[in-house]
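This report describes strand pairing and helix packing in one model. The sequence and structure come first, followed by the description.

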Amino acid sequence: DKETLHWRRVDYEGQRLLVCYNPERAKMDEKKRQDILERLRDKIKSAADVKAIVTHSDFKKFLKIEGKKPEIDPEKVARDSLYDGLYVLTSNSRLGDAAVIESYKSLWQIEAGFRQLKTELALGPVFHWRDRRIRAHVMICFLALVMRVVFYKKLREHYPEASYADTLSDMRSLRVLYISIHGQPITLRTELKPGAMQAIRSVGLRSPPRVLVSEKAHNILI
């Protein structure tokens, strides 16, 4: 957010450094530290394994050990708080300072996309040996990511308060049952949950019929 982000340019040994401060990030950094300290106090109080405490990556930077029992070092806590909300960027591009910062902030979209490719869309592991099949697999996952982004945008256009995770959960709960009565194929679907209804409407489709009687019903995608 341009209104909350502050920065200062520093030229150091021929490098352009942008020291940035974000008040919102500062609040999150403080909360994260307080959560760590609370867990650390509980560990020390319960006389848990000292070795496990002093080697823990989150705990050890706040500790001092004098004698047999580790303690929280107030000076280390205060020193850590000085960096709340701060981060430093460097760039050798010709972009202006503000453009460099905005480009960095947009990286979360790329990182989120990779996470979705690896988890939600199952990009890996790739069980293929031939290059053309690997490329095809990656392309299919990428197209799925594009469709996911487009769907999310349409969903938020129609339902600004909608949760993607809840919508996806409601869609996954939809089930189709194929039965036959006196040789007549019938397709039944379960009740549409609110999120599934919103998903269907946001992409301009009508809800599928609850009961479909047809000889080709089982070939219809619902």
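## Helix 4 and the strands it crosses

Which strands does helix 4 lie across, and at about what angle does the helix run to strand 2? In this predicted model, helix 4, residues 97-105, lies across strand 1, strand 2 and strand 5. Its direction is at about 65° to strand 2.

## The sheet 1-2-5

Strands 1, 2 and 5 form an open sheet of 3 strands, in the order 1-2-5, with antiparallel pairing. Strand 1 (6-12) and strand 5 (86-90) are the edge strands, each pairing on one side only. On average, neighbouring strands of this sheet are turned by 25° against each other, direction ignored.

Strand 1 and strand 2 (residues 15-21) run antiparallel and are joined by 7 bridges. Within this pairing, Asp 11 stands opposite Arg 16 of strand 2.

## The sheet 6-7-8

A second group of 3 strands also forms an open sheet, here in the order 6-7-8, and its pairing is antiparallel. Its edge strands, strand 6 (176-181) and strand 8 (211-213), each pair on one side only. From one strand to the next, the twist averages 20°.

How many bridges join strand 6 to strand 7? There are 6 bridges between strand 6 and strand 7 (residues 184-189), and the two strands run antiparallel. One residue pair can be named: Val 176 has Arg 189 in strand 7 as its bridge partner.

Definitions and conventions
Residues are numbered from 1 along each chain as its sequence is written. This is a predicted model: local features need pLDDT of at least 70, side-chain atom pairs count only at pLDDT 80 or more; totals for chains, interfaces and linings use all residues. Side-chain values use heavy atoms; hydrogens and water are left out. Two strands pair if DSSP finds at least two bridges between them. Helices (H or I, at least four residues) and strands (E, at least two) are DSSP runs, numbered from the N terminus. Axes are lines fitted to C-alpha atoms, for helices over the stretch in contact, and angles run from 0 to 180 degrees between N-to-C directions. Contact means heavy atoms within 4.5 Å.
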